[in-house]
Amino acid sequence: MILVTGGAGYIGSHCVKSLMKKGYEVAVLDNLSRGHRDAVLTPHFFEGSIGDASLLSKIFSSSSKKISAVMHFSAWTYVGESVEKPAEYYQNNVAQTLALLTAMRDHGIKQFIFSSTCATYGDVQKIPITEDTPIGPLNPYGHSKRMVELILADFDRAYGMKHCIFRYFNAAGADPEGQLAERHDPETHLIPIVLQVASGTRSHVSIFGTDYPTPDGTCIRDYIHVNDLSDAHILGIEYLEAGKPSNIFNLGSETGFSVREVIKMCEQVTGKKVPVKEAARRAGDAPRLVADSTRAKTVLGWKTKLSDIQTIVKTAWASMKP
Ligand code: UFG
């Protein structure tokens, strides 16, 4: 059985669905502070904290449902909030993860899949970004993810715990079957915000910065469909099950779209006009982040299936309809 932490959240819930479709038995551990109980698709649900040693001991000691691997999605993920609340970010994202990893070590569980982020790279000089691009997170959120990456390397050396670190680019889109959606509160991500404008629940979208050194002056990002991320996680489990060494993989579509291009695609898909207001740059935004995912493709055999920008927007839009 695979334990998925944060399985009530956006990416975690999609991954649980993909794992179950593949025939894996899945348990979810989530404290529901930011996730949704109705997004948990497995009957094996533990409500609680990933830092709760006695709960972890109970989960990991079960002889009927032996946990072989942990996929770790639970984390706080707002860059701006992390700058204001570093204590909470290091507590939630680092200290609690260390407690989880320590419990895994104590129970001899040796496979770990970690949701990391392109925010670990920081201010990159060269695009596309490979796994060897120099690291340099710019905020506590990025630091917290990088710290866990370093802990994982040390746990591998000392305890033989193997990991796949997945550095996601911009996760987007939703379950094409319409069962799951992206539900953040507050919502800060571009595509859901633009679609909320299209659906009439928001008046306009602010474009944060129109003077970037990009063709249309707005930031370029690499949007990757959440189901393609799930596929990578399944390949990651198979990779670790085959006894392969710990590794780090970028997960992106390798194609960049500007904020204006995303808004245009949302208008095309929804058939609605999206009013925009040009606004100041948002602190900490890099002009351009695009992945080189060659390693995931060659080592894991990963192929993206839904990550063209139109399919991303279509599935996100369909998931928002009442
Ligand atoms: N943007 C707007 N208006 C909005 C919202 C976003 O112009 O209302 C712009 C942003 O400035 C950025 C682009 O749209 O240029 C994408 O912004 P998102 O907030 O959707 O995504 P980010 O690229 O900021 O964030 C992603 C992940 C984070 C991760 C970060 C690393 O969602 O978890 O990349 O940089 F930390």
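Trainee: How many residues surround the ligand, and which are the closest?
Mentor: This is a predicted model, in which local features need pLDDT of at least 70 and side-chain atom pairs count only at pLDDT 80 or more, while totals for chains, interfaces and linings use all residues. Residues are numbered from 1 along each chain as its sequence is written, and side-chain values use heavy atoms, with hydrogens and water left out. A residue belongs to the surroundings if one of its heavy atoms lies within 4 Å of the ligand. There are 21 such residues, and the closest are Leu 190, Ser 206, Arg 221, Arg 282 and Asp 285.

Trainee: Which element gives the largest share of that shell?
Mentor: Elements here are DSSP runs, numbered from the N terminus: helices (H or I) of at least four residues and strands (E) of at least two. Helix H6 (190-199) and strand S8 (205-208) each supply at least two shell residues. The largest share, 4 residues, comes from S8.

Trainee: How far is an N or O atom in the side chain of Arg 221 from an oxygen atom of the ligand?
Mentor: Let's start with two other polar contacts (N or O atom pairs within 3.5 Å). A polar side-chain atom of Asn 170 lies 2.9 Å from a ligand oxygen, and a backbone N or O atom of Phe 208 lies 2.9 Å from a ligand oxygen. For the side chain of Arg 221, the distance is 2.8 Å.

Trainee: What part of the ligand's accessible area does the protein cover?
Mentor: Areas come from the Shrake-Rupley method with a 1.4 Å probe. On its own, the ligand has 680 Å² of accessible area, and the protein covers 90%.

Trainee: Turning to the largest nonpolar core, which element gives the most to it?
Mentor: Such a core is a set of buried Ala, Val, Leu, Ile, Met, Phe, Trp, Tyr and Cys residues joined through side-chain atoms within 4.5 Å. This one has 33 residues, with Val 4 and Phe 166 among those having the most contacts inside it. Several elements give two or more residues, including strand S1 (2-5), helix H1 (10-21) and helix H7 (226-241). With 7 residues, the most comes from H7.

Trainee: Between which domains does this core lie?
Mentor: The domain bounds come from an automatic or database assignment. Both domains give residues to the core, so it lies between domain 1 (2-172 + 223-251) and domain 2 (190-221 + 254-320).

Trainee: Is Ala 27 buried or exposed?
Mentor: Ala 27 lies in strand S2 (residues 26-30), and Val 4 is one of its contacts (heavy atoms within 4.5 Å). Buried means under 20% relative accessible area, exposed over 50%, and partly exposed in between (1.4 Å probe, protein chains only). At a relative accessible area of 1%, Ala 27 is buried.

Definitions and conventions
A polar contact is a pair of N or O atoms within 3.5 Å; within protein, one must be able to donate a hydrogen and the other to accept it, and residues adjacent in sequence count only if both atoms are side-chain atoms. Lists of a residue's contacts leave out its neighbours within four places in sequence.
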